[in-house]
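Please find below a colleague's note on this entry, set out as numbered points on its ring pairs and one of its pockets.

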Amino acid sequence: MNLRGAGVSPGIGTGPAYVLTGAVPEPPAGSTYEGPPEPERERAVAALGQVAGELEARGNRAGGEAKEILKAQALIAEDPGLVVGVKALIDQGVAAPRAVYQAFAKYRDMLVSAGGYLGERVADLDDIRDRVIARLTGHPLPAPPPVPGTGEPYVLIAVDLAPADTALLSKDAVAAFVTEAGGPTSHTAILSRAMGVPAVVACPGATEIPAGTRVLVDGNTGEVGLEPTESDIARHVSAHEARRRRMTTGGPGRTRDDFRVQLLANIGGPDDLDAALAAGAEGVGLYRTEFLFLGRTEAPSVAEQEAAYRAALAAFPGGKVVVRTLDAGADKPLAFLPSAAPEPNPALGERGVRLFERFPEVMAAQLEALSVAAAVNQSGAVRASAAAAELHVMAPMVATAQEAHWFADACHARGLPQAGVMIEIPAAALRAESLVTVVDFVSIGTNDLAQYAFAADRHSAALGSLQDPWQPALLDLVAMTATAASDNGKPCGVCGESAADPAMACVLVGLGVSTLSMGAAALPAVRTGLGAHTLDQCQLAAQAARGAATAAHARAAARSHLPGLVELGL
């Protein structure tokens, strides 16, 4: 017997089925409480805060994609509008668990009616709601085992999977994911690709598979086979290997007509280096350094920072390592710095380079550590008669040429010759010409650039369509920046997750971007997709996308000029 869904993470996984069942029951309609409303309000708010803290803590432990996803969920749990709604219901006599259920229902209905990308966020909303209700009622939450009880990785099956449950799993525990719900942009799909675990979603009947049944999951075709024979497994593995051989997993990134495009990896710390090397990264395009600073009562020493930076430089001799300086602030507060006054909108507040201007000693220590790491790496390379990695340092949240000039001067004064800035604020893109003349390179963070360009919080599910990287206005800002950089002989990279889409990668190259950086798992597909098309095709795809009226039309128009993607199954 075979089931079929949508393959969203390539690969073949086999193992015994572990079916995640059980749910937090809906609190009965008409539930009330005894006594004054204030204790009930406090109980509800405390539960929301506890769930938010737990989600953020899990994200910090998991890192990478999971960290961003769970941080977004934590913000939803403490959304001011949601809290107000819960309190209002409690003031009307509704018990806290039921008040939480009804307050979430309002947002849930909005997402369901929107469908598409937003509809796929319903599962995330339900999970947050259930976690809060479970805390209020003491009902246990269903969760997958962290390690396989049989000694063999299991196939995790569920109606849908919560990022909070899957984020801390690994390939050692899970052979594959199968869900009845979800789609290609669901968080199950995103996290499974980041983990390198095969996954099939939208698979009807999956949860009816008896626990312990041996299952084969083909994340390429979407096939889910029960009690497969050895020949079944061999056939699927052979087909996967044939497809994988078509993927270019090593060598420099280039178009079919040999136009060079550096393909780099985004990493969140030294633990991510092995995956980047295995995927054939040519270096690091975004080294997030927040892991060194967050959750500490004392600032990391120069020596501690230097060791972390040196590990990345040593991993890519002759390559490039782009380190983003500390991106913290009101949205990611540092316990070892004096508390600032609360900011009504932390995303628009004192963060990134703005924090450095207030606490220059933090930037000085980080730049010193980077300078020492570069010097040690250079001397080691000289002794080994090898090429040293080239260190690039860039500042986040830069809005003006004056800020860019200030940061570049600070880097150059410490012997760091390659100083750049992130382009993630529309003002920086609009005045890119003035910024590129005072720095050595620029790197576009498409996630935040979209957030600020469309006044759409990147963590707001209701505004998810405005975060689509195919929005033509966003492509215009990328083109504006890339053109300014090219006209001034400066490199322009993209390190936002948009670069992980093979079609978008071709469009970005067509817009004039010279380096692409992404999660390591996406590198082979992007390398292969680029290699299947000429620079002229990429430019035509970019032109077509910019000329479209909507994000969906832009994507379709671009792909019409990129026929190799269909042939490759990308």
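The points that follow take up the aromatic pairs and then the second largest pocket.

1. This is a predicted model, in which local features need pLDDT of at least 70 and side-chain atom pairs count only at pLDDT 80 or more, while totals for chains, interfaces and linings use all residues. Residues are numbered from 1 along each chain as its sequence is written, and side-chain values use heavy atoms, with hydrogens and water left out.

2. There are 3 aromatic pairs in the structure, where rings of Phe, Tyr and Trp (its six-membered ring) pair if their centres lie within 6.5 Å, and planes under 30 degrees apart count as stacked, over 60 as edge-to-face and the rest as tilted. The planes of Tyr-18 and Tyr-154 stand at 40°, with the ring centres 5.5 Å apart, so this pair is tilted. The pair joins strand 3 (residues 12–19), which holds Tyr-18, to strand 4 (residues 154–158), which holds Tyr-154, across 136 residues; strands (E, at least two residues) and helices (H or I, at least four) are DSSP runs, numbered from the N terminus.

3. Tyr-287 and Phe-291 are stacked, at 6.2 Å centre to centre and 0° between the planes, and ring pairs link both of them with Tyr-309 into a cluster.

4. The second largest pocket has a volume of about 560 Å³, where a pocket is an open set of points on a 1 Å grid over the protein atoms alone, with protein on both sides within 12 Å along at least five of seven lines, and lining residues have an atom within 4 Å of a point; the volume is the space filled by probe spheres set on the points, which are joined across faces, edges and corners. Helix 6 gives the most to this lining, with 7 residues.

Definitions and conventions
On a 1 Å grid over the protein atoms alone, a cavity is a set of points where a 1.4 Å probe fits but cannot get out, and a pocket is an open set with protein on both sides within 12 Å along at least five of seven lines; lining residues have an atom within 4 Å of a point.
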